[in-house]
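Colleague: Please give me a close look at one part of this model, the surroundings of the ligand. Once that is clear, carry on outwards into the rest of the chain.

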Amino acid sequence: MISIRNIGRRFGAVEALRDVSFDILPGECHAIMGENGAGKSTLMKILSGVIGEFDGQLVLNGKPVRFSGTREAEAAGISIIHQELNLVEQLSASANIFLGREPTLIAGILNQREMDRRASEILCELESSISAQATVGSLRIGDQQLVEIARALSLRSEILIMDEPTSALTESEVERLYRVIEKLRARGVTILYISHKMNEVFHLADRITVLRDGRFVRTLQKSETSPKQIAHLMVGREIQERNRRSVASGALAQPAEIALEVRNLSLPWAGQAGRYRLKDINFQLQRGEILGIAGLMGAGRTELLECLFGAGGRKPQGQIRLNGVECRFRNPADAMKSGIAMVTEDRKRLGLFRQLNVRENITVSALRELSVAGVVMSAREKRRVIQQVESLSVRTAGIEAGITTLSGGNQQKCIVARCLLTNPKVLLLDDPTRGVDVGAKAEMYQLMERLAEGGMSMIVTSSELPELLTVSDRILVLCEGRLTGDFAVHEATEQKIMEAATSGGRVLATA
Ligand SMILES: Nc1ncnc2c1ncn2[C@@H]1O[C@H](COP(=O)(O)OP(=O)(O)OP(=O)(O)O)[C@@H](O)[C@H]1O
Ligand SMILES: [Mg+2]
């Protein structure tokens, strides 16, 4: 059992945690919830030895402990899977799993074969088909995460901390993770689980602890609470429920002004002759319209956005017309010049510059516009960054703070801010509220509505259907790379969308 007693931690002027006390019971699945920046990750870093300096006490099975480094925590049976994964991308899966504990032959020579064998055994147990020798950097995020879990398993950890483990997983990977968690629990492993997804927390947790502004609010038995109560405890006020946008009150121009048009867009499947990732996609996006793209994982949502943005080396066939002019973007810089911006799905790989500060991360795409003859206009830059930071309620010690000092959800908001600063006409948002807390989600929806009213057109995907139904004017459904549904939002239901999303590529009802 772990007792967290009066734990506090400051980062300069920011008080990330203050006087937090609660217990974690052996074998339970304990969820920690709270808004972006509430202190969840900081507390988990203290438990797992990443942060060694803090006020208060950590008591493990009756003994006060203080870890200076993850190795010490691991030796005491506590492992962590970080929000932003923490692997050596150049090394193989097995080398990552046994990093610092590599099996050796006599004379200290690395026993590669034994290491690979043991790694394969664990990966197999996790229902993973990745090779122990695969370079971690070449793996999908979901598989990278399994490598981290495999590491925890190889350590025979008694307590496993998962910090937003599902934020980058596909639906089938999430299901696999659930099964892995079941297995671990059957072995008596205690799980500490952080997530912004209520349905996950209510599926997995026995108890839920809520933090707000670095303070302990309450620990509740799952059976005695509800998502509504938890959300309320998290933000300390009622969250304004958004109603569906009604097109009538929206700002859609009449007659319709077409901002973007896609004609017969197809994306061949590299190396698979005659097969397509996307096939014959046709649609129009009006000025001021928010178009939602629904579909299961792998249906082609991200690929479609990448085609429109010239990203990911995609070479689509067909036509993309922006304000009536046909365009073909070779890369994102091209697309941005023409007024298209994109918030990408994978913030660690594509989004953030970890060595830069908040201001630099926000302005990096708009530098051309903000500079005169190559000299960045600092006062103007600052003003616009501050404006963005305020309108998105980014929680940061200041715009000069290092981007990595922000909580995960606040980093995501900075990427959105960066896109907005380029003043796009068409904004592509690939799962923009992932890792963002309930309160901030509501703010993001309001922002999207404001932008639409100002004439910006948006295409948005989301891993949560209710979210799409809330923000969109119209919803297109993709299934296996084909458009299988097209619904005005007032005619769309979750049921209809799911039917189109699972139609096996057959074009169903369009409303
Ligand atoms: N290394 C650091 N330097 C400065 N400030 C930090 C550092 N790490 C965290 N903070 C600050 O401490 C506060 C708590 O951050 P933390 O990452 O624990 O939040 P969180 O609850 O995990 O949020 P999210 O849901 O967005 O992941 C935030 O205000 C954050 O900016
Ligand atoms: Mg966090």
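Modeller: I'll start at the ligand and then move on to the domains, the strands and a few single residues.

First, some housekeeping. This is a predicted model, so local features need pLDDT of at least 70 and side-chain atom pairs count only at pLDDT 80 or more, while totals for chains, interfaces and linings use all residues. Residues are numbered from 1 along each chain as its sequence is written, and chains are lettered from A and ligands numbered from 1 in the order in which they are written. The pLDDT score is the predictor's confidence in each residue, from 0 to 100. For the protein chain the mean pLDDT is 87, with 92% of residues at 70 or more. Among the elements, strand S3 (residues 29–33) has the highest mean, 97, and strand S17 (residues 371–372) the lowest, 58. Where pLDDT is low, the predicted coordinates should not be read in detail.

Now your site. There are 20 residues around ligand 1, and Phe11, Asn36, Ser41, Ser407 and Gly409 come nearest; a residue is near the molecule if its C-beta atom, placed from the backbone, lies within 6 Å of it. Sorted by class, that shell has 12 polar, five nonpolar and three charged residues. Ala, Val, Leu, Ile, Met, Phe, Trp, Tyr, Cys and Pro count as nonpolar here, Asp, Glu, Lys and Arg as charged, and the others, Gly among them, as polar. Strand S2 (14–24), helix H1 (40–47) and helix H15 (408–421) each put at least two residues into the shell. Helices (H or I, at least four residues) and strands (E, at least two) are DSSP runs, numbered from the N terminus. Ligand 1 lies between domain 1 (2–235) and domain 3 (347–423), because both give residues to its shell.

Two of those nearest residues turn up again around Ala440, which is in helix H16 (residues 438–453). Beyond its neighbours within four places in sequence, Ala440 is in contact with Asn36, Gly409, Ser393 and Lys413; contact means C-beta atoms, placed from the backbone, within 7 Å. Ala440 is buried, with 24 other C-beta atoms within 10 Å. The cut-offs are 20 or more other C-beta atoms within 10 Å of a residue's own for buried, 12 or fewer for exposed, and partly exposed in between, again with C-beta atoms placed from the backbone.

Stepping back to the domains, the assignment also has a domain 2, made of 251–339 + 425–511; the bounds come from an automatic or database domain assignment. The C-alpha centres of domain 1 and domain 2 are 34 Å apart. Where they touch, 10 residues of domain 1 are in contact with 10 of domain 2. On the domain 1 side, helix H8 (residues 227–235) gives the most, with three residues. That side divides into four polar, three nonpolar and three charged residues.

On to the strands. Strand S6 (residues 78–81) points Ile78 and Ile80 one way and Ser79 and Ile81 the other, and all are buried. S6 runs parallel to strand S7 (residues 159–163), joined by four bridges, and Ile80 stands opposite Ile161 in S7. Strands count as paired if DSSP finds at least two bridges between them. In the loop between helix H5 (141–154) and S7 you'll meet Arg156, a non-glycine with a positive phi of about 55 degrees. Arg156 is exposed, with 11 other C-beta atoms within 10 Å.

Strand S13 (residues 290–294) is largely enclosed by the rest of the structure, because five of its five residues are buried. Ile290, Gly292 and Ala294 are on one side, Leu291 and Ile293 on the other. S13 runs parallel to strand S20 (residues 457–461) through four bridges, with Leu291 opposite Ile459. Four bridges also join S13 to strand S21 (residues 474–479), again in parallel, and there Ala294 has Val477 as its bridge partner.

Last, an open sheet of four strands runs S12-S11-S14-S15 with antiparallel pairing. S12 and strand S15 (325–326) are the edges, each pairing on one side only. Five bridges join strand S11 (residues 258–268) to strand S14 (residues 317–322), and Glu261 stands opposite Arg321 in S14. Asp280, in strand S12 (residues 276–286), is another non-glycine with a positive phi, near 50 degrees. With 15 C-beta neighbours inside 10 Å, Asp280 counts as partly exposed.

Note on methods:
Contact = placed C-beta atoms within 7 Å.
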